[in-house]
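The following exercises are to be worked with the sequence and the structure at hand. Each task is followed by a solution in steps.

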Amino acid sequence: MKRSAFYLLCVFLFASIGAWAAAGGDTAERTAKTCAGCHGTYGASPGEFIPVIGGQHAEYLKKVLLELKGKKRPHSIEMTLMASGYTDEQLEAISEWYADKKWADSKVKVNEYNMSATVSLIENYSCFGCHVDNGKGEGETPAITGQAPGYLKNVLMKYKAGLIPSDEMAFLKDVSEVEIDAMVSYLTELGRNR
Amino acid sequence: MSGISRRNFVKASAVVVAAAGVSGCTGSLGLNLNKQQDQVILPKSGKRVVVLGGGWGGTTAAKYVKLGDPSIEVILVERLENFVSCPASNWVIAGFKSLQEITFTYDALAKNYGIKILKTEATGLDPAAKQLITAAGRIEYDKLIVSPGVEFMYDKIEGWSKSAEDIFPHAYKAGRQTAILREQLVNLKNGENVIMTVPAAPYRCPPGPYERACLIAFYLKNNKKGSKLIVLDANDDIASKGKLFHAAWDDYYKDIIEYVPETVVKGVDVKSRVIKTDKGDFKGGAANIIPNMKAGSFAYKAGLLPESERWVRVNSFTLESQALKNVFVLGDSTHAGTVGPVPKSGFVANSMGKVAAAAVVNELNGKEPLKPNLVNTCYSLVNDKEAIFISGVYDYDENTKMITSRGGGLSPERSELYGKHAVDWTLSIWSDMLS
């Protein structure tokens with residue numbers, strides 16, 4: 001009886017230390033903070049074109065960083081070069097550290113768009129079928145609501161052009177840039193308005 | 001625009017003085033000054049970190065000490081009213097931004113983190129008593145973080161006088177000097193040339209002069225018919241991002257920029273506005289002399305380095321001074337030979353601020369310091385839209401006991417997206433330092 005209580009206590013303690021500690025602890029603490037020079041303190045990027053990473057899903061961040069390092073994801077030259085400077089373990093630890101931070105919705109002003117038409121588009125493409133919970137996403141599917149709009153558009157245009165291989169995002173081939181613009185504005189605003 | 005430029009836009013910073021609890025004013029008489037300097041002000045009760053220098057390294061260190069342990073009292077000592085960003089100041093020279101858009105108060109650091117901002121000049125150090133000596137009085141510390149920036153070396157320029165700085169502005173500490181160079185360009189007559197001199201490496205921000213050359217050339221091309229920019233470089237070639245800058249000069253400014261490498265400024269004639277070099281005399285309607293540099297003057301006053309040396313020797317693991325215990329040194333003033341091959345950039349100073357903050361927080365809490373890790377990404381605009389960049393990741397090497405390069409590289413070409421990232425980067429890093 002006593003032993004099982006001790007065991008439970010241990011399980012509880014380990015779980016509460018937090019995932020990033022398990023994935024490297026002080027290693028993440030010392031390596032992750034430097035990213036804020038571009039992404040803002042705790043990943044709350046204030047600009048239009050550099051993404052918010054604080055509070056993004058760890059599995060997604062890991063996947064992207066490892067793909068960037070392996071030159072399998074040509075979406076950012078800067079990040080391909082940065083990722084080359086870390087071990088896989090460091091990239092995983094950094095991902096856990098940022099996932100543990102609070103998501104900060106982008107405050108950037110967005111372009112005007114037709115709300116009802118854009119909501120229909122998002123429903124038709126079933127964006128929130130994968131990016132569940134109104135775009136919060138889960139696991140390897142990223143949070144997209146409240147993301148920096150310039151970044152979001154840049155990435156969606158690269159999916160559209162087939163530059164980032166993805167079966168799920170292949171539908172963008174047939175979506176116009178005007179429609180992408182509208183969806184980006186809607187998704188960014190949805191963050192601050194939720 | 002970002003929230004920061006609206007919120008922290010220059011205004012009377014009564015809050016700053018109020019937060020410090022003392023006036024930044026010093027007596028007008030020497031006697032009063034000395035008396036004040038001898039008294040301990042703001043007596044210390046708990047753990048305290050004093051940060052000297054509200055630039056890129058100092059602001060970051062102050063904020064990250066508080067993020068690491070809010071119970072530590074942090075006092076930031078800075079003699080100037082406002083923070084004016086050196087990165088992006090070339091954009092002001094070219095007219096893309098106003099000086100006000102790159103100028104911020106320290107209010108948010110006081111308001112958001114409880115950092116005490118003390119506006120006064122540091123005049124010396126008493127390392128045995130662990131006291132920083134300032135014009136406002138002595139300030140006790142447990143750990144002192146010093147980010148003194150650079151000082152210009154005019155002593156080897158014959159004919160130099162204090163007034164020469166306004167005739168041949170360096171514009172390499174942003175603020176009034178930036179405005180002077182901008183004004184010289186605006187007032188330039190069509191056909192008059194601009195002269196710019198580049199110091200021998202190492203100096204603050206290696207690509208800085210060459211970005212400036214691009215942007216001055218951009219301005220001349222669009223506004224001053226027949227005017228040229230003559231770049232007199234003490235180095236044998238462009239000191240950073242050489243291929244990318246040469247490509248931009250060839251493609252956009254072939255008829256504007258005349259590049260003269262291996263040219264050292266020997267003297268000036270302030271009256272006739274002539275710059276004398278080992279390749280002859282040059283005269284322009286506007287002239288920007290970026291002189292050789294060494295560690296900021298406080299580093300010498302504090303005894304962090306002898307007069308015979310230019311950069312402060314530090315322990316690469318914690319950035320603690322090799323000469324003085326409990327004094328940590330950041331940024332441009334550090335000796336790369338003791339840190340590792342990192343550039344003297346604002347981003348590196350920002351990273352160094354985090355390294356020193358982690359080291360002092362851990363030491364004050366009886367823990368081992370963490371291994372240092374630094375990052376650098378530096379964008380340079382080549383015109384009003386396109387940018388190039390260099391980036392680097394640096395980590396501590398157990399074998400060499402130095403910070404060493406682990407990855408990074410140059411942008412493959414220039415692009416408008418990098419130009420957008422350049423602007424975004426300033427917003428992010430300003431917010432990381434100041435809000």
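What percentage of the 194 residues of chain A count as buried?

**Solution.** The model is a predicted one. A residue counts as buried when its relative accessible area is under 20%. By this criterion, 48% of the residues of chain A are buried.

**Exercise 1. Describe the secondary structure of chain A and the sequence range of its contacts.**

Step 1. Chain A holds 12 helices and 0 strands.

Step 2. Its pattern along the sequence is therefore a run of helices by the DSSP assignment.

Step 3. Take the contacts in chain A between residues at least 6 apart in sequence: 70% of them join residues at least 24 apart.

**Exercise 2. Characterise the packing of α5(A) against α7(A).**

Step 1. Two packed helices are described by the angle between their axes and the distance between the axes.

Step 2. For α5 (residues 58-69) and α7 (residues 88-99) of chain A, the angle is about 145° and the axes are 8 Å apart. The crossing of α5(A) and α7(A) is right-handed.

Step 3. From α5(A), the residues Ala58(A), Leu61(A), Lys62(A), Leu65(A), Leu66(A) and Lys69(A) take part; their counterparts in α7(A) include Leu91(A), Glu92(A), Glu96(A) and Tyr98(A).

Step 4. Sorted by class, the contact of α5(A) with α7(A) comprises 7 nonpolar, 1 polar and 5 charged residues.

**Exercise 3. Determine whether Pro142(A) is buried or exposed, and find its surroundings.**

Step 1. Pro142(A) is located in the loop that lies between α10 (132-135) and α11 (149-160) of chain A.

Step 2. Its relative accessible area is 14%. Because the cut-off for buried is under 20%, Pro142(A) is classed as buried.

Step 3. Setting aside residues up to four places away in sequence, Pro142(A) touches residues that include Gln56(A), His57(A), Tyr60(A) and His131(A).

Step 4. Glu59(A) lies 83 residues from Pro142(A) along the chain, yet 8.8 Å separates their C-alpha atoms.

**Exercise 4. Explain why β2(B) is described as largely enclosed.**

Step 1. In a regular strand the side chains alternate between the two faces of the sheet.

Step 2. In β2(B), Glu73(B), Ile75(B) and Val77(B) point one way, while Val74(B), Leu76(B) and Glu78(B) point the other way. Both sets are buried.

Step 3. Since 6 of the 6 residues of β2 (residues 73-78) of chain B are buried, the strand is largely enclosed by the rest of the structure.

Step 4. Strand β1 (residues 48-52) of chain B runs parallel to β2(B) and is joined to it by 5 bridges. Within this pairing, Leu52(B) stands opposite Val77(B).

**Exercise 5. Place Leu125(B) in its sheet and in the nonpolar core.**

Step 1. Strands β6, β7 and β8 of chain B form an open sheet in the order β6-β7-β8, with antiparallel pairing. Its edge strands are β6 (122-126) and β8 (137-140). On average, neighbouring strands of the sheet are turned by 25° against each other, direction ignored.

Step 2. Between β6(B) and β7 (residues 131-134) of chain B there are 4 bridges. Leu125(B) has Leu132(B) of β7(B) opposite it.

Step 3. Beyond its neighbours within four places in sequence, Leu125(B) is in contact with residues including Tyr141(B), Phe298(B), Leu324(B) and Val327(B).

Step 4. The largest nonpolar core has 126 residues, and Leu125(B) and Leu132(B) are among those that touch the most other members; Tyr98(A) and Val65(B) are also in this group. Helix α13 (residues 346-364) of chain B supplies the largest share of this core, 11 residues. A second, separate core of 54 residues includes Trp160(B) and Trp311(B).

**Exercise 6. Analyse the contact between α4(B) and α13(B).**

Step 1. The axes of α4 (residues 56-68) of chain B and α13(B) come within 7 Å and cross at roughly 35°. The crossing of α4(B) and α13(B) is right-handed.

Step 2. Among the residues of α4(B) in this contact are Trp56(B), Ala61(B), Tyr64(B) and Val65(B); those of α13(B) include Phe347(B), Ala357(B), Val360(B) and Val361(B).

Step 3. The contact of α4(B) with α13(B) has 9 nonpolar, 6 polar and 1 charged residues.

Note on methods. Residues numbered from 1 in each chain as written. Chains lettered and ligands numbered in written order. Predicted model: local features only at pLDDT ≥ 70, side-chain atom pairs only at ≥ 80, totals over all residues. Heavy atoms only, no water. Axes fitted to C-alpha atoms, helices over the stretch in contact; angles between N-to-C directions. Helix = DSSP H or I, 4+ residues; strand = E, 2+ residues; numbered from the N terminus. Left-handed = near helix turned anticlockwise from the far one by under 90°. Contact = heavy atoms within 4.5 Å. Nonpolar A, V, L, I, M, F, W, Y, C, P; charged D, E, K, R; others polar. Core = buried A, V, L, I, M, F, W, Y, C linked by side-chain atoms within 4.5 Å. Buried < 20%, exposed > 50% of the residue type's maximum accessible area, 1.4 Å probe, protein only. Pairing = 2+ DSSP bridges.
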